[in-house]
Amino acid sequence: MLALLAAGCLALPQNGAAPDPLSGAVAAFWDAPTVAARDALAADLAASGAPFDAVLGALRLGRSYAADAPTGVVLRVRDNADGVRHPYAVVVPTHYTPARAWPVRFDLHGGMGAPAWDEGSGDWTGGWSRADDQIVVLPAGWDASMWWQASQMENALAILREVRATWRIDDDRVVLHGNSDGGAALFFHAMRQPDSWAAYVGWVAPPDRLVRAELRPDGQLHLSNLVGQRFHLVYGGRDRLVPWKHAKRYLELFEASGASIDAHLLPRSDHSLDLKAEHHDRTFAFALGARRDPLPDRIGWATERTQRYARRSWLVIDALDPPGPDHEVDESNLLPRWGTPLQLRGPTVDRVPWGRVELEREGNRVRATARRVERFRLLISPEQFDLTEPIVVTVDGHVRFEGRVEPSVATLLHWVARDDEVTRPFAAEVAIDLGGR
């Protein structure tokens with residue numbers, strides 16, 4: 001019997017039959033509050049010998065959700081790993097029901113120069129636009145924890161986990177929305193950790209914020225990471241803080257780098273962006289219609305570090321080539337610094353060597369190119385690959401792996417514990433070592 005099947009974690013079926021140990025074990029796994037707690041439960045479940053397909057089927061049944069989950073404006077607060085407290089609010093439609101999965105709008109406010117917010121006031125929630133058929137998440141950002149810093153990148157994903165534990169959401173319909181400084185964060189997420197977002201909606205979003213060292217962005221941004229990502233953006237023609245001519249130059253670069261940009265200019269609007277009803281309707285129609293591709297067949301991912309921002313969906317970059325003696329940096333793929341004289345003052349974010357992997361899958365064949373990358377892994381999902389047939393991986397024209405992989409319950413649970421979803425289940429890993437080429 002599974003070690004984790006403690007008293008109380010099983011529920012008798014309606015027909016009075018004996019409880020299903022596997023269902024109880026998976027329910028306990030979903031209910032575990034942390035990744036570490038899930039890992040402990042996963043070890044017992046993997047050791048039990050339960051078949052892969054049975055475990056995956058039980059996971060896909062999902063969590064059980066309370067019918068009386070709170071609605072309206074729900075104020076919450078959570079602590080980051082470093083102990084910094086981050087308040088947030090969740091706005092849940094009064095007609096919410098767990099009978100269906102709900103789309104989510106994660107809404108980032110502007111004004112990163114503000115001091116820390118009063119946790120109980122909810123002042124940071126002002127100005128958001130209602131959407132009757134969405135759950136809206138309103139986190140708080142301030143001068144010591146800006147949207148483009150590591151603290152807020154951790155916070156965003158942790159909030160999504162907490163929201164997902166209380167309300168039933170559609171993992172493929174979570175849209176990131178931002179205004180002003182919050183809009184700048186859209187580009188940061190898109191080039192750093194885009195896997196949770198279906199699309200990005202921004203109002204007066206200034207990309208140049210992300211290359212100014214005094215604003216402390218968490219490292220450099222890589223343009224090739226924008227491939228396949230979708231943006232709906234609105235700017236004001238009279239905006240002096242985010243002049244259209246500078247924003248337009250960035251948007252053209254992003255589109256040339258592989259992003260899909262749906263940009264709109266309101267000639268008579270300034271930074272306050274007085275949106276008319278038709279613009280609201282267009283914006284939220286885009287947001288409600290956006291769908292994430294959790295397992296894209298084409299991936300390009302670049303990074304200068306491997307402790308974070310090293311993964312894109314089913315690709316993980318594990319090690320970069322050691323930098324050469326001259327530490328030469330190719331800046332052709334890095335977000336440039338353009339803008340007004342004010343925005344150009346002060347130092348630029350440090351530029352350091354980086355590596356990139358590009359993948360394209362066709363059936364069970366993966367063609368890859370790698371630059372300054374020593375090791376990477378492919379996460380193999382039965383949603384993409386036929387596990388009964390060999391998988392072939394070529395890197396820069398050379399076969400680096402050819403063979404079948406065996407589905408592993410331990411691998412499946414490892415990634416579900418971290419992703420907090422089963423939309424993209426991974427059955428195995430293929431490690432590619434390019435050391436010495």
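In the hairpin of strand 15 and strand 16, two residues lie between the strands, and Asp396 there takes a positive phi near 55°. The model described here is predicted, and this briefing goes from that hairpin to the two open sheets, then to the helices that pack on them and on one another. One of the sheets has eight strands with mixed pairing, and another has four strands with antiparallel pairing. The structure also holds 33 salt bridges, one of which is described at the end.

**The hairpin**

- Strand 15, residues 391-395, and strand 16, residues 398-403, are joined by five bridges and run in the antiparallel sense.
- Within this pairing, the residue that stands opposite Thr394 is Val399 of strand 16.

**The eight-stranded sheet**

- Eight strands make up this open sheet, and their order across it is 1-2-4-3-5-6-7-8, with mixed pairing.
- Strand 1 and strand 8 (260-266) stand at the edges with a single partner strand each, so one side of each is left without a neighbour in the sheet.
- On average, and with direction ignored, neighbouring strands of this sheet are turned by 20° against each other.
- Inside the sheet, strand 2 (residues 85-92) and strand 4 (residues 135-139) run antiparallel and are joined by four bridges, and the bridge partner of Val91 in strand 4 is Val136.
- Helix 4, which covers residues 150-166, lies across strand 1, strand 2, strand 3 (102-108), strand 4 and strand 5 (169-179), and runs at about 130° to strand 1.
- Helix 5, made of residues 181-192, also packs on the sheet, where it touches strand 3, strand 5, strand 6 (199-203) and strand 7 (230-236), and its direction makes about 130° with that of strand 5.

**The four-stranded sheet**

- The strands of this open sheet follow the order 10-11-14-17, and their pairing is antiparallel.
- Strand 10 (311-312) and strand 17 (428-433) are the edge strands, each of which pairs on one side only.
- Strand 11, residues 315-320, pairs with strand 14, residues 373-380, over five bridges in the antiparallel sense, and Leu320 has Val373 of strand 14 as its bridge partner.
- Helix 8 (residues 409-419) packs on this sheet and touches strand 10, strand 11, strand 14 and strand 17, while its direction makes about 90° with that of strand 17.

**Helix 1 and its two partners**

- Two packed helices are described by the angle between their axes and the distance between the axes.
- For helix 1 (residues 21-31) and helix 3 (residues 52-60), the axes come within 9 Å and cross at roughly 55°, and the two helices are therefore oblique to each other.
- This crossing of helix 1 and helix 3 is right-handed, and in it Leu22, Val26, Phe29 and Trp30 of helix 1 meet Ala54, Val55, Ala58 and Leu59 of helix 3.
- The residues of that contact divide into eight nonpolar, no polar and no charged.
- The axes of helix 1 and helix 2 (residues 35-47) likewise come within 9 Å, but cross at roughly 160°, and these helices are therefore roughly antiparallel to each other.
- The crossing of helix 1 and helix 2 is left-handed, and the contact brings together Leu22, Ala25, Val26, Ala28, Phe29 and Trp30 of helix 1 with Arg38, Leu41, Ala42 and Leu45 of helix 2.
- By class, the contact of helix 1 with helix 2 has nine nonpolar residues, no polar residues and one charged residue.

**Helix 3 against helix 8**

- Helix 3 and helix 8 pack with their axes 9 Å apart and at an angle of about 20°, which makes helix 3 roughly parallel to helix 8.
- Helix 3 passes helix 8 in a right-handed crossing, and the contact is made by Phe52, Val55, Leu56 and Leu59 of helix 3 together with Val409, Leu412, Leu413 and Val416 of helix 8.
- Sorted by class, the residues of this contact are eight nonpolar, no polar and no charged.

**A salt bridge between distant parts of the sequence**

- Asp420 forms a salt bridge with Arg63, in which the closest N and O atoms are 2.5 Å apart.
- Asp420 lies in the loop between helix 8 and strand 17, and Arg63 in the loop between helix 3 and strand 1 (72-79), so the pair ties together parts that are 357 residues apart in sequence.

Technical notes
Residues are numbered from 1 along each chain as its sequence is written. This is a predicted model: local features need pLDDT of at least 70, side-chain atom pairs count only at pLDDT 80 or more; totals for chains, interfaces and linings use all residues. Side-chain values use heavy atoms; hydrogens and water are left out. Two strands pair if DSSP finds at least two bridges between them. Contact means heavy atoms within 4.5 Å. Axes are lines fitted to C-alpha atoms, for helices over the stretch in contact, and angles run from 0 to 180 degrees between N-to-C directions. Angles under 35 degrees count as roughly parallel, over 145 as roughly antiparallel, 65 to 115 as roughly perpendicular and the rest as oblique. A crossing is left-handed if the near helix is turned anticlockwise from the far one by less than a right angle, and right-handed if clockwise. Ala, Val, Leu, Ile, Met, Phe, Trp, Tyr, Cys and Pro count as nonpolar, Asp, Glu, Lys and Arg as charged, and the others, Gly among them, as polar. A salt bridge is a side-chain nitrogen of Lys or Arg within 4 Å of a carboxyl oxygen of Asp or Glu.
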